[in-house]
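Hi everyone, thanks for making time this morning. I'd like to walk you through one structure, starting with the whole chain and then stopping at a few places I enjoyed looking at. Let me put it up on the screen.

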Amino acid sequence: MADILSDHTNFNTKITQLENALAQKNEDINKLERMSRRNNFRIVGYPMSQGENVETIVQNEIIPLFGDSQEMVVERCHRDGRGANGRPPHILVRCLSYRMKVNVMKNRRIALSGKDYFVVDDLTKTDLAERKKWAGQLFSAVLDPFLPIRPFLSLYWFRDRVL
């Protein structure tokens, strides 16, 4: 009986170690995926037309809204996914430099004011789930003047949609 209890304890210890190792590997994979998306942003809500050339749309209609279009170079762009609830699929844009992406993200509210589409960061599934988890608390904190605003509540995602 003592051998069975000892084996059970050893198995539980080993399972806990494996779960911790798996969680660490998943976190490392998310970091790597996040780095591969570093230069990406998404254009959400841009209408889709039959036979469209997404690269031409981005170069001629979107990029000029953000200032000097000669300086901004798009490495690649395409529609991503199928769209949902009658909305068109996102346009995924990969910039040649991180500086260009930062410029787009900084100026997106002014550049796209009055437009039916908007620009968001290209997040991993894990990061998107984390952001959605905090969105409800952020909404409550913004509406309740007695709750202190914490540093993690200053999310671009929420600010661009509500304010």
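So, the chain has 163 residues, and 28% of them count as buried. Please keep in mind that this is a predicted model. The exposed surface comes to about 11600 Å², with carbon and sulfur atoms supplying 55% of that area.

What is the order of the elements from the N terminus on? Reading along, you get α-β-α-β-β-α-β-α-α, which adds up to five helices and four strands. As for contacts, take those between residues at least 6 apart in sequence: 60% of them join residues at least 24 apart.

Let's stop at helix H2, residues 54-62. Which residues of H2 are buried? They are Val54, Ile57, Val58 and Ile62. If you look down the axis of H2, these buried residues fall within an arc of 95 degrees, so they line one face of the helix. The general background will be familiar: an α-helix has 3.6 residues a turn, so residues three or four places apart point the same way. And what do the buried residues of H2 pack against? Three strands: S1 (40-44), S2 (74-80) and S3 (90-95). There is also a nice detail at the start of H2, where a side-chain oxygen of Asn53 comes to within 3.2 Å of the backbone nitrogen of Glu55.

Next to Tyr46, which sits in the loop between S1 and H2. Is Tyr46 buried or exposed? Its relative accessibility is 10%, and since buried means under 20%, Tyr46 counts as buried. Setting aside neighbours within four places in sequence, Tyr46 is in contact with Ile57, Glu61, Ile62, Arg79, Pro88, Ile91 and Tyr117. Two of the names in that list, Ile57 and Ile62, you have just heard as buried residues of H2. With Glu61, Tyr46 makes a side-chain polar contact of 2.2 Å.

Two more residues help to place Tyr46 in the chain. Arg87 is 41 residues away from Tyr46 in sequence, with 8.8 Å between their C-alpha atoms. Lys115 is 69 residues away from Tyr46 in sequence, and there the C-alpha distance is 9.1 Å. Lys115 itself lies in the loop between H3 and S4, and at a relative accessible area of 38% it is partly exposed.

While we are on loops, have a look at Asn85, between S2 and S3. What is the sign of its phi angle? The phi of Asn85 is near 55 degrees, a positive value in a residue other than glycine. With 74% relative accessibility, Asn85 counts as exposed.

On to helix H3, residues 98-111. How does its span agree with its number of residues? At 1.5 Å a residue, the 14 residues should span 20 Å, and the end C-alpha atoms are 19 Å apart, which agrees. H3 does have a kink of about 35 degrees, centred on Met105. Met105 is also one of the buried residues of H3, along with Met100, Lys101, Val104, Arg108 and Ala111. For those of you who like charged side chains, that list includes Lys101 and Arg108.

My last stop brings together Asn30, Thr124 and Asp127. Asn30 is in helix H1, residues 2-36, while Asp127 is in helix H4. How many residues lie between them along the chain, and how far apart are they in space? They are 97 residues apart along the chain, and their C-alpha atoms are separated by 8.3 Å. Their side chains make a polar contact of 3.2 Å. The side chain of Asp127 also has a polar contact with the side chain of Arg34, at 2.8 Å.

Thr124 belongs to the loop between strand S4 (118-121) and helix H4 (125-143). A polar atom of the Thr124 side chain lies 3.1 Å from the backbone nitrogen of Asp127. Beyond its neighbours up to four places away in sequence, Thr124 touches Asn30, Glu33, Arg34 and Arg37.

Are these three buried or exposed? Asn30 is buried at 8% relative accessibility, Thr124 is buried at 1%, and Asp127 is buried at 17%.

That's my tour, so over to you for questions!

Definitions and conventions
Residues are numbered from 1 along each chain as its sequence is written. This is a predicted model: local features need pLDDT of at least 70, side-chain atom pairs count only at pLDDT 80 or more; totals for chains, interfaces and linings use all residues. Side-chain values use heavy atoms; hydrogens and water are left out. The expected span of a helix is 1.5 Å times one less than its number of residues. The bend at a residue is the angle between axes fitted to the seven residues ending there and the seven starting there. Buried means under 20% relative accessible area, exposed over 50%, partly exposed in between (1.4 Å probe, protein chains only). Contact means heavy atoms within 4.5 Å. Accessible areas come from the Shrake-Rupley method with a 1.4 Å probe; for residues, only the protein chains shown count as cover. The arc is that of the directions from the helix axis to the C-beta atoms. A polar contact is a pair of N or O atoms within 3.5 Å; within protein, one must be able to donate a hydrogen and the other to accept it, and residues adjacent in sequence count only if both atoms are side-chain atoms.
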